[in-house]
Amino acid sequence: MRDSAGPARYSMVARVLHWSVVALIVIQFAIAWTMPDIHGGMRPVGLIGWHLSFGTAILAVMLVRLVWRLSHREPVAPETISAPLRRISRGTHALLYALLVALPLLGWANASARGWPVRLFGAIPLPPLSATGSPLGLWLGDVHGTVAIVLLAVIALHVAGALYHLLILRDRTVQRML
Ligand code: HEM
Ligand code: HEM
């Protein structure tokens, strides 16, 4: 349904992409927290290999999602949302997009510095993002771990916002993504 202000809820494609990324991220953190601590000389096998595969899948889906988002209109916001709240929510969404592209790239650069081959979905070879042994690439592994924590904090803010709409404002914001 469309009116002059835009559609009433997110399109099927946007909804499928949103919830696919949520599922992939839950799996990705579960893998990251159970995989062995990574030291020099290790190979990307087992859970570490799965972490690389799911991580590149998240990057690919996010790039598709970004193109989709930039080429489609956002649904109309319920009138219960004040202008400052709308700005905070838009800012949070932009930050989520940025973090979900930057985080896999940082992990990929670190994997390359470790001399690990990186494959999209674990199958299609991707070029290295840094030279093997590069000190910068190795350091980006620490940045990757820290940015993952920042992502969790932003997701917590996002989910708190969704619950605020659902339980307190009781408007249709959450229904637009279901
Ligand atoms: C959104 C996607 C991703 C998330 C949420 C994520 C999350 C994490 C987290 C939480 C850790 C720290 C694990 C720990 O020490 O407790 C980690 C480590 C790591 N991740 Fe990712 N990751 C993602 C994508 C990727 C990708 C695409 C790659 C490589 C292709 C990658 C490669 C690595 C490597 C090599 C480490 C070890 C870093 C080090 O300790 O030096 N990650 N990741
Ligand atoms: C891994 C966790 C999550 C991530 C990374 C994430 C990411 C995003 C992003 C980037 C958007 C902006 C969509 C756009 O405009 O293109 C969005 C919208 C939305 N998300 Fe999430 N989300 C997550 C979890 C959740 C959960 C658990 C809920 C529900 C409880 C939720 C509910 C919503 C709603 C209702 C919107 C639309 C909000 C609006 O337009 O004002 N999200 N999400």
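Tutor: In this predicted model, helices are DSSP runs of at least four residues, numbered from the N terminus.

Student: Which helix gives the most residues to the shell around ligand 2?

Tutor: The shell around ligand 2 draws at least two residues from each of α1 (12-34), α2 (47-70), α3 (83-113) and α4 (135-169). Six residues come from the helix that contributes the most, and that helix is α3.

Student: How many of the residues in the shell around ligand 2 are nonpolar?

Tutor: Ligand 2 is surrounded by 21 residues, and the closest are Y10, H18, Y97, H158 and R176. Sorted by character, the shell holds four charged residues, five polar ones and, as the nonpolar part, twelve.

Student: At what distance does a polar side-chain atom of R176 lie from an oxygen atom of ligand 2?

Tutor: Polar contacts are pairs of N or O atoms within 3.5 Å. Y10 places a polar side-chain atom 2.6 Å from an oxygen atom of ligand 2, and an N or O atom in the side chain of H158 is 2.8 Å from a nitrogen atom of the ligand. For R176, the distance from a polar side-chain atom to an oxygen atom of ligand 2 is 2.6 Å.

Student: What arrangement do the six donor atoms form around the iron atom of ligand 1?

Tutor: The protein donors of this iron are NE2 of H51 and NE2 of H144, lying 2.0 Å from it. Six donors are assigned by their angles: opposite donors must be over 155 degrees apart and all others between 65 and 115. The angles at the iron run from 88 to 180°, and the arrangement is therefore octahedral.

Student: How many residues apart in sequence are the parts that H51 and H144 tie together?

Tutor: H51 and H144 are the protein donors of the iron atom of ligand 1. Because H51 belongs to helix α2 and H144 to helix α4, the pair links parts whose separation in sequence, in residues, is 93.

Student: Is H144 buried or exposed?

Tutor: A residue counts as buried under 20% relative accessible area. H51 meets this cut-off at 13%. At 19% relative accessibility, H144 is likewise classed as buried.

Student: How are the rings of F29 and W33 arranged as a pair?

Tutor: Two aromatic pairs are found in the whole structure. The ring centres of F29 and W33 are 5.1 Å apart and their planes stand at 45°, so this pair is tilted.

Student: Which of F29 and W33 is exposed?

Tutor: Both residues, F29 and W33, lie in helix α1, four residues apart, about one turn of the helix. F29 has a relative accessible area of 10% and is buried. With 59%, the exposed residue is W33.

How values were computed. Residues numbered from 1 in each chain as written. Chains lettered and ligands numbered in written order. Predicted model: local features only at pLDDT ≥ 70, side-chain atom pairs only at ≥ 80, totals over all residues. Heavy atoms only, no water. Near = heavy atom within 4 Å. Polar contact = N/O pair within 3.5 Å; in protein donor to acceptor, adjacent residues only side chain to side chain. Nonpolar A, V, L, I, M, F, W, Y, C, P; charged D, E, K, R; others polar. Donors = N, O, S within 2.8 Å, 3.2 Å for Na, K, Ca; no water. Tetrahedral: all angles 85-135°; square planar, octahedral: opposite > 155°, others 65-115°. Buried < 20%, exposed > 50% of the residue type's maximum accessible area, 1.4 Å probe, protein only. Phe/Tyr/Trp six-rings, centres within 6.5 Å; stacked < 30°, edge-to-face > 60°.
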